[in-house]
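Please open the structure in the viewer and keep the selection tool at hand. The tour proceeds from one selection to the next.

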Amino acid sequence: MKHIDIVHVLKQEPSLHEITVRGWVRSFRSNRFIALNDGSTINNIQCVVDFENFEEETLKNITTGAAIEVSGVLVESQGQGQNVEIQVSKVEVLGIADPEEVKLTILSPKRHSLEKLREQAHLRVRTNTFGAVMRLRSKLSFAVHEYFQKNGFYYMHTPIITGSDAEGAGEMFKVSALDTKNPPLDDHGNVNYKEDFFEKETNLTVSGQLEAETYAMGLGKVYTFGPTFRAENSNTSRHLAEFWMIEPEVAFNNLADNMDLAEDFIKYVIKYAIENCQDDLEFLENRLIQEDKSKPVAERQEMTLREKLHFVVDNNFKRVSYTEAIDILKNSKPNKKKKFNYIIEEWGADLQSEHERFLVEKHFKCPVILFDYPATIKAFYMRLNEDEKTVRAMDVLFPGIGEIVGGSQREERYDVLKKKMKDMDISEEELYWYLDLRKFGTCTHSGFGLGFERLVLFVTGMGNIRDVIPYPRSPGNAEF
Ligand code: 4AD
Ligand code: MG
């Protein structure tokens with residue numbers, strides 16, 4: 001018989017019609033009640049067996065972690081916690097899970113720390129928390145595509161291996177097919193990349209932006225959604241060495257349009273999660289409420305997870321210039337009392353995550369879009385303002401996260417861009433194609449990058465970015 005997803009079974013009315021489900025045993029109580037989960041929902045279906053009717057050998061193998069197939073009719077549940085349950089007429093063990101071995105893993109039914117779960121990342125998706133997070137991750141990905149496709153954007157696949165450093169920050173993983181033990185050398189004794197696979201130095205992309213700009217100049221509105229790589233040695237709960245980024249790029253959009261797009265887009269995908277992932281959000285919300293109980297009152301969340309999501313969807317993001325933000329920070333209590341790790345002394349300082357979070361969480365108490373940053377702390381491609389000191393950059397800052405989006409209006413003026421590249425020591429030869437865009441029908445255009453894992457962090461309320469991607473890559477960690 002064809003099996004049905006448990007998520008659908010739980011919505012059905014009791015009936016005499018026999019159904020079949022398959023899944024993994026979460027628990028088997030009193031030789032009678034099986035809690036079965038198949039990943040289609042956070043909720044288990046209760047399967048009730050009359051042990052007199054089944055062989056002992058079969059019952060013995062119904063243990064936590066085992067894969068089984070169950071058939072029976074759906075009846076109204078006598079117990080609490082569920083409306084319906086399956087009165088089992090047939091059960092087959094598809095894959096056993098030795099209880100002695102299960103005991104040593106995170107599948108064993110007790111509380112495990114998130115660190116422990118990370119060590120067994122190949123099993124953690126079978127826990128309630130990770131099931132919920134990964135279902136949300138998938139739904140959010142869908143919402144990203146839905147938003148852009150509905151709004152006339154084209155999905156563009158940018159190269160993973162590139163010869164350019166889009167951010168000019170030099171934090172790249174090299175890609176080479178040369179023999180590392182005995183690489184060919186040039187006349188100066190340096191590695192001769194002309195003999196490498198691509199006949200030049202290449203790296204994993206840090207961003208698809210520059211290539212996306214070329215397509216925006218032909219297709220008008222494009223977006224990328226793909227993996228990006230950064231070899232920055234940031235061992236934090238907000239950084240990954242491999243993360244997924246969404247980068248829209250729009251011809252004829254100025255910075256204000258870019259802000260509108262970012263705000264509208266973020267609200268859309270969060271709203272999508274609220275409307276389509278209720279069970280998982282409820283579970284994650286309760287998880288946080290439980291976690292809060294062990295914290296001092298002052299450190300507890302003011303809003304529940306779903307209140308926080310609604311708050312973002314229902315309120316305008318506050319738009320503040322960098323210059324205003326610096327004034328606020330300079331006069332702030334933590335700055336005056338030297339509570340910040342980096343004290344803000346003057347205009348031009350780069351903002352650290354502690355400053356971003358102060359602005360969002362303590363000062364404005366809502367998402368903030370900071371714009372018009374000093375040119376010296378931002379990438380070469382951002383449009384220079386009339387003051388010649390600031391660029392048309394924007395960062396969207398979120399409570400609990402800090403920077404979730406970075407973007408800008410692009411420098412569309414050929415001479416200005418060329419000079420900027422020269423000043424910042426960026427090779428004109430390498431990026432001739434990027435400069436070409438400013439020669440052939442240049443126009444105002446803008447875009448941004450949203451770090452997908454930071455979005456998933458916010459929506460799930462998880463505390464560490466390594467817990468919102470299946471197999472995190474971070475300094476010293478490329479397991480699995
Ligand atoms: O601010 P970033 O570096 O901007 C860019 O890469 C631009 N090319 C985007 C554009 O304009 N098209 O990165 C964009 C976002 C950040 O705001 C952050 O959310 C995320 O990417 N991000 C990271 N997420 C996880 N781990 C890291 N190491 C990240 N670095 C950036
Ligand atoms: Mg940034």
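A polar contact is a pair of N or O atoms within 3.5 Å. The model on display is predicted.

Begin by selecting ligand 1 together with Gly406. An oxygen atom of the ligand lies 3.3 Å from a polar atom in the backbone of Gly406. Next, add Arg410 to the selection: a polar atom of its side chain is 3.0 Å from an oxygen atom of ligand 1. Then turn to Glu247, where an N or O atom of the side chain is 2.7 Å from a nitrogen atom of the ligand. Of the 630 Å² of accessible area that ligand 1 has on its own, the protein covers 93%.

Now display the pockets. Ligand 1 sits in the largest pocket. Two or more residues of the shell around the ligand come from each of β11 (242–251), β15 (402–409) and β16 (445–451). Select β15, which gives the most to this shell, with five residues.

Widen the selection to the 24 residues around ligand 1; Glu167, Gln209, Glu232, Glu247 and Glu403 come nearest. Colouring the shell by residue type shows eight nonpolar, eight polar and eight charged residues.

Finally, leave the ligand and select helix α5, residues 128–150. This helix has 23 residues and reaches 32 Å from its first C-alpha to its last, close to the 33 Å expected at 1.5 Å a residue. End the tour at Gly152, just after α5, which takes a positive phi of about 80°.

Terms used: Residues are numbered from 1 along each chain as its sequence is written. Chains are lettered from A and ligands numbered from 1 in the order in which they are written. This is a predicted model: local features need pLDDT of at least 70, side-chain atom pairs count only at pLDDT 80 or more; totals for chains, interfaces and linings use all residues. Side-chain values use heavy atoms; hydrogens and water are left out. A residue is near a molecule or strand if one of its heavy atoms lies within 4 Å of it. A polar contact is a pair of N or O atoms within 3.5 Å; within protein, one must be able to donate a hydrogen and the other to accept it, and residues adjacent in sequence count only if both atoms are side-chain atoms. Accessible areas come from the Shrake-Rupley method with a 1.4 Å probe; for residues, only the protein chains shown count as cover. On a 1 Å grid over the protein atoms alone, a cavity is a set of points where a 1.4 Å probe fits but cannot get out, and a pocket is an open set with protein on both sides within 12 Å along at least five of seven lines; lining residues have an atom within 4 Å of a point. A molecule sits in a cavity or pocket if more than half of its atoms lie within 2 Å of its grid points. Helices (H or I, at least four residues) and strands (E, at least two) are DSSP runs, numbered from the N terminus. Ala, Val, Leu, Ile, Met, Phe, Trp, Tyr, Cys and Pro count as nonpolar, Asp, Glu, Lys and Arg as charged, and the others, Gly among them, as polar. The expected span of a helix is 1.5 Å times one less than its number of residues.
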